[in-house]
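Here are my notes on the structure, as numbered points. Please read them with the model open.

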Amino acid sequence: MTFRATILTLYPEMFPGHLALSLAGKALERGQWSLETVQIRDFAQDKHRTVDDTPAGGGAGMVLKPDILAKAIDHVSGNDNRPRLLMSPRGRPLTQQKVRELAAGGGVVIVCGRFEGIDQRVIDGRDLEEVSIGDYVLSGGEPAALTLLDAVVRILPGVMGNALSGTHESFENGLLEHPQYTRPQVFEGREIPAVLTSGNHAAIEKWRLEEAERLTRTRRPDLLPNKAK
């Protein structure tokens with residue numbers, strides 16, 4: 001089954017962006033996933049192809065018009081059960097668990113907002129799930145959509161050469177990933193930890209787990225079940 005991604009945007013030229021390169025790009029060429037962009041402005045009614053208007057109640061900026069955006073969404077997913085996502089700084093944080101849930105499905109429809117956002121009636125009426133990639137504000141939803149798709153595509157079956165690469169990394173077991181090393185044995189006076197070249201696989205796994213726990217306690221204690229650890 002091919003994972004189908006449909007992006008509603010005012011800037012379709014931003015896609016596929018970096019997703020045309022490396023693993024994602026090769027997977028796109030092989031047909032392991034597909035990408036379609038839809039220009040929201042194509043659904044505007046007036047000669048100027050206007051897609052925004054001033055916010056109700058006043059304030060700075062502009063808001064995407066509900067009638068136009070709703071038509072665009074209906075055009076691509078009227079009889080479609082793919083999740084409808086809106087990239088938004090007020091959305092629920094994107095997690096690796098959510099990425100795996102999306103990767104297990106048939107695809108996704110992603111709405112990329114601009115300006116001050118989109119009319120709340122479209123969010124409610126079209127069941128858009130708001131998703132955030134971090135506690136900061138971007139100029140639009142496109143970079144966030146590219147980030148989400150990057151995370152999803154890389155774990156689709158057959159995309160990574162080694163399937164274990166997607167399971168032995170940060171967030172997959174509730175911890176940050178342990179430090180990584182490779183040759184040369186000594187670099188600028190710093191050596192690879194001896195345990196990693198000992199050949200003792202049990203000791204290596206123990207070291208990796210301890211290091212992952214140490215890093216998580218130091219940098220992301222919020223990920224630990226008991227935050228007092």
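1. Strand S5 gives the most to the lining of the largest pocket, with five residues. This is a predicted model, and the pocket in question holds about 490 Å³ of space. Its lining has 26 residues, and those closest to the centre are Met87, Ser88, Pro89, Glu116 and Gly117. Besides S5, helix H4 (120–125) and strand S7 (129–132) give two or more residues to the lining. By residue type, the lining divides into 13 nonpolar, nine polar and four charged.

2. The second largest pocket has a volume of about 380 Å³. Pro93, Leu94, Thr95, Gln96, Val99, Ile133, Thr147, Ala151, Phe171, Gly174, Arg220 and Leu223 line this pocket. Helices H3 and H5 each supply at least two of these residues. Seven residues of this lining are nonpolar, four are polar and one is charged.

3. Which residues have the most contacts inside the largest nonpolar core? They are Phe3, Trp33, Ile110, Leu148, Leu149, Val152 and Leu156, in a core of 29 residues. Strand S1 (3–9), helix H1 (22–30), strand S5 (84–93), helix H3 (96–103), strand S6 (107–112) and helix H5 (142–153) are the elements that give this core two or more residues. H5 gives the most, with eight residues. As background, nonpolar side chains tend to be buried together in soluble globular proteins.

4. Leu156 can be followed through its contacts. Setting aside neighbours within four places in sequence, leucine 156 is in contact with Phe3, Gln32, Trp33 and Ala103. Apart from this core lies another, of 20 residues, and Phe43, Ile68, Val76 and Val109 are among them.

5. Leucine 28 lies in helix H1. Is this leucine buried or partly exposed? Leucine 28 counts as partly exposed because its relative accessibility is 26%, and the class runs from 20% to 50%. With neighbours within four places in sequence left aside, leucine 28 is in contact with Trp33, Ser34 and Leu35. Leucine 28 and glycine 78 are 50 residues apart in sequence, and their C-alpha atoms are 25 Å apart in space.

6. Histidine 178 is found in the loop between H5 and strand S8 (186–187). Its relative accessibility is 16%, so histidine 178 counts as buried; the cut-off for that class is under 20%. Not counting residues up to four places away in sequence, histidine 178 touches Arg208, Glu211, Ala212 and Leu215.

7. Two cis peptide bonds deserve a look in the viewer. One joins phenylalanine 15 and proline 16, with omega about 5°; proline 16 sits in the loop between S1 and H1. Another runs from arginine 183 to proline 184, with omega near 15°. Proline 184 has its place in the loop between H5 and S8, the loop in which histidine 178 is found.

8. Positive phi values come next. Phenylalanine 115, a residue other than glycine, has a positive phi near 60°. Phenylalanine 115 is in the loop between S6 and H4 and counts as partly exposed because its relative accessible area is 41%. Aspartate 127, also a residue other than glycine, has a positive phi near 50°. Aspartate 127 is in the loop between H4 and S7. With a relative accessible area of 61%, aspartate 127 is exposed, since that class begins over 50%.

9. Some values for the chain as a whole follow. The secondary structure of the protein chain comes to six helices and nine strands. Along its principal axes, the C-alpha trace spans about 70 × 45 × 35 Å. The chain has 229 residues, of which 40% count as buried. The chain exposes about 13400 Å², with carbon and sulfur atoms supplying 51% of that area.

10. How much of the contact between residues at least 6 apart in sequence joins residues at least 24 apart? In the protein chain, 75% of those contacts do. Leucine 156 offers a case to inspect, with Phe3 among the residues in contact with it.

Technical notes
Residues are numbered from 1 along each chain as its sequence is written. This is a predicted model: local features need pLDDT of at least 70, side-chain atom pairs count only at pLDDT 80 or more; totals for chains, interfaces and linings use all residues. Side-chain values use heavy atoms; hydrogens and water are left out. A nonpolar core is a set of buried Ala, Val, Leu, Ile, Met, Phe, Trp, Tyr and Cys residues joined through side-chain atoms within 4.5 Å. Buried means under 20% relative accessible area, exposed over 50%, partly exposed in between (1.4 Å probe, protein chains only). Helices (H or I, at least four residues) and strands (E, at least two) are DSSP runs, numbered from the N terminus. Contact means heavy atoms within 4.5 Å. On a 1 Å grid over the protein atoms alone, a cavity is a set of points where a 1.4 Å probe fits but cannot get out, and a pocket is an open set with protein on both sides within 12 Å along at least five of seven lines; lining residues have an atom within 4 Å of a point. Grid points are joined across faces, edges and corners, and a volume is the space filled by probe spheres set on the points. Ala, Val, Leu, Ile, Met, Phe, Trp, Tyr, Cys and Pro count as nonpolar, Asp, Glu, Lys and Arg as charged, and the others, Gly among them, as polar. Accessible areas come from the Shrake-Rupley method with a 1.4 Å probe; for residues, only the protein chains shown count as cover.
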